[in-house]
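The report that follows describes the overall build of two protein chains and the surroundings of one ligand. Please read it alongside the sequence and the structure shown here.

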Amino acid sequence: MTESTEPTSSTVDGDVLVDVQGLEVHFPIKGGLVLDRTIGHVLAVDGVSLRVTRGETYGLVGESGCGKSTLGRAMLRLVEPTGGRVVFDGTDLSALRGESLRRMRRRMQMVFQDPLSSLDPRQSVESILVEGMRAHGLDRDRAATATRLRELLSSVGLPASALRKYPHEFSGGQRQRIGIARALTVRPDLIIADEPVSALDVSVQAQVINLMADLQQEFGLTYLVIAHDLAVVRHISDRVGVMYLGGLVEEAGSEALYADPLHPYTRALLSAVPVPDPAVEDRRERILLAGDLPSPAAPPPGCRFHTRCPWRQPERCDTERPELREVLPGQRVACHYAEDIRAGRIQPHEVRPELVEAGATGPLDTSAAGPASVTEILGGP
Amino acid sequence: MSSLALLDVRDLTVTFHRKGARPFTAVDGVSFDVEPGRTVGLVGESGCGKSVTSLAIMGLLPRRGATVGGSVTFEGTDLLTLSASAMRERRGRDLGMVFQDPLSSLNPVVSIGLQVSEVLERHRGLPRKKAMVEAADLLDKVGIPDPRRRLSEYPHQLSGGMRQRALIAMALACRPRLLIADEPTTALDVTIQAQILALLAELVRDTGTALILITHDLGVVAGLCDEVNVLYAGRVVERAERHALFARPRHPYTNGLLASIPRLDGARGERLRPVRGSVNDNIPWRSGCAFAPRCPNALDVCRLVTPEMVADGPGGLLRCHNPVVHTEEVTA
Ligand SMILES: Nc1ncnc2c1ncn2[C@@H]1O[C@H](COP(=O)(O)OP(=O)(O)OP(=O)(O)O)[C@@H](O)[C@H]1O
Ligand SMILES: Nc1ncnc2c1ncn2[C@@H]1O[C@H](COP(=O)(O)OP(=O)(O)OP(=O)(O)O)[C@@H](O)[C@H]1O
Ligand code: SF4
Ligand code: SF4
Ligand SMILES: [Mg+2]
Ligand SMILES: [Mg+2]
């Protein structure tokens, strides 16, 4: 099942902080009368290899259910990978147990999407912040802790008076600042931020994006940012990985990915993002994808995108899973025909939507449907 | 201005009364009109009153606890004066609505086919058999593959995108002349959003239905709306034709919103210029401009005098004492 591909050395220059090698997370689907039989697996993450360089921001994008959060959680071993490994700063995390794992975890922190649900409503901000420090033995001297908390709050743009307040007394953006401050209390190297701004209003979202950039400078942080908003990801990331059905389909420098997307899925995804400019919107061509997103419990054979790919070819696409390979310097693509597509030797064609059973595929409902083009389907009642 | 209007909303005000709490005015004198075949956008951030406005138009606010003022004139009739049953009749026939979360607006225990055909039976008087045939037709029109089979399926068996299509099919069943779509794509992935927006655009073009599109996504507005109303704290603060709005945002809030959004096609690495603070900082409209504490253009007068809505540019309206001035005149 694993078709892990080693990143070529030219993909990453500099100092690798996290090296993810052929990572797999397969969740069992339970069935039978007493739900004790495993009747299948959700291939949430299925053979992902990527490297995050120290000090960079790596953005992970892809549609709902493609495995972004699971990948992020597996990197921290918040869910147990079923295959592959994660090497953090030279140490293989899968080999760590107990105390050594806990010590390593201090260096990797997570920031979540929903600031309110990730903060305990009965705890004051101070106790929320001290908790992590205490767990890692960083709360030895009261005066030093107090100073540190005040410094941290001012770094995230909150007044010291916030310490005595409770989460519900803050706005969404302020709560996200608290979530970020909490992650920073233990002086991590890596922050995995899972949809850090998607619950926020745009005006506030921009404040948090700027804040994250400032903190990265100030504390030398490395970020893995998971988000479904491609414009946000492009703005904050140095490099971007695009996921589809548990696998990475393209990875490139942020600029290159948006200027010259090579994978058909990346192209469709980028063309679908609305741009707040009517002049641009009026002349844009969209690649509307056909059909449902297949279930990760039963991914299509061959290229996972072949059921919806407008460039699909009769050879190889439905039989052979394409490896992630370097097609341009620093740009890795999992498509058999990336070069031909880029050169225009293969043209896109109409795709007939295939029916995917949303209810019949297990516990997931992440599929989506529709014809390739809506032209002609609405004749008017 | 309202001679051509299909819908004319004047000074719409919605105040909620709750025990133990001060009355809260969620919609505070909102006016706009919609002509047939046009798409009008209502944009603004969470809590600014977009959904309450649409619920008030549709007569779907709770009868208790909410006071609605102003008028909502649909083809000469003030909908706010209609009885509950008359309004129900209208909703099926002239007014359609599509919500953000299709699952909560579909009946989970009734098959999709029956839900669509019931609308046809009730409002168009079609017999069951005929209604079912037309229901399949409608599902086909909104792009649901294999519609005949889908008739017997239940909402949970459909994906999010397909449920939204089913809901649009239901809204279309009565051939409404006005469709209100409240964040119709917010819960969907971008590739599916693109499909649904294309579907809505096609619908307006082909059927002449008027569309009120409610969204917080300025990108969606840019692609779909003919004109846009920007709401802030329950009031419209700027109204403009879409090209004008995006090229020359006049209200400091509109301008701030546009500067806050990272653009897919923008320069990367450039720092975003967020609007400072949050809606928690607002002051009440009656004591000035609600946006004043966050506004980079604020003057002393802004905290003393409530700005009135005044004409601004061709077809534009603006509520601001010190609007943004665009020096280089765009010729477009
Ligand atoms: N604990 C679990 N048990 C079983 N299946 C799971 C579990 N967690 C996630 N999944 C499934 O794994 C797949 C990937 O989920 P994941 O949450 O990683 O997606 P995502 O890309 O983060 O999506 P979103 O954008 O909606 O957050 C989905 O099909 C999901 O239903
Ligand atoms: N039934 C109700 N009772 C009391 N207050 C309400 C009720 N419905 C809405 N509100 C309040 O009215 C204000 C406007 O709400 P509304 O739902 O219209 O916002 P919105 O602009 O649609 O926001 P969003 O983008 O989050 O959907 C909010 O402050 C909300 O809390
Ligand atoms: S391998 Fe084939 S199906 Fe997959 S993306 Fe490339 S062209 Fe499309
Ligand atoms: S009225 Fe004053 S405070 Fe309000 S938006 Fe205009 S300039 Fe800013
Ligand atoms: Mg997720
Ligand atoms: Mg709403």
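## Chain build and ligand surroundings

In chain B of this predicted model, 60% of the contacts with a separation of 6 or more are made by residues that lie 24 or more positions apart. In chain A, residues 24 or more positions apart account for 65% of the contacts with a separation of 6 or more.

The secondary structure of chain B consists of 11 helices and 12 strands. With a radius of gyration of 21 Å, close to the 20 Å that the globule rule gives for 332 residues, chain B is therefore as compact as a globular protein of that length. The C-alpha trace of chain B spans about 65 × 50 × 40 Å along its principal axes. For chain A, the secondary structure comes to 11 helices and 12 strands.

Burial and exposed surface are set out below for each chain.

| Item | Value |
|---|---|
| Buried residues, chain A | 59% of 381 residues |
| Buried residues, chain B | 54% of 332 residues |
| Exposed area, chain A | about 15500 Å², 49% from carbon and sulfur atoms |
| Exposed area, chain B | about 14100 Å², 51% from carbon and sulfur atoms |

Which residues are found around ligand 3? They are His263(A), Pro264(A), Cys303(A), His306(A), Cys309(A), Trp311(A), Cys317(A), Cys335(A), His336(A) and Tyr337(A). By residue class, the shell around ligand 3 divides into 7 nonpolar and 3 polar residues, with no charged residue in it.

Conventions: Residues numbered from 1 in each chain as written. Chains lettered and ligands numbered in written order. Predicted model: local features only at pLDDT ≥ 70, side-chain atom pairs only at ≥ 80, totals over all residues. Heavy atoms only, no water. Near = heavy atom within 4 Å. Nonpolar A, V, L, I, M, F, W, Y, C, P; charged D, E, K, R; others polar. Helix = DSSP H or I, 4+ residues; strand = E, 2+ residues; numbered from the N terminus. Rg over C-alpha atoms; globule rule 2.2 N^0.38 Å. Buried < 20%, exposed > 50% of the residue type's maximum accessible area, 1.4 Å probe, protein only. Contact = heavy atoms within 4.5 Å. Areas by Shrake-Rupley, 256 points an atom, 1.4 Å probe, with all protein chains shown as cover.
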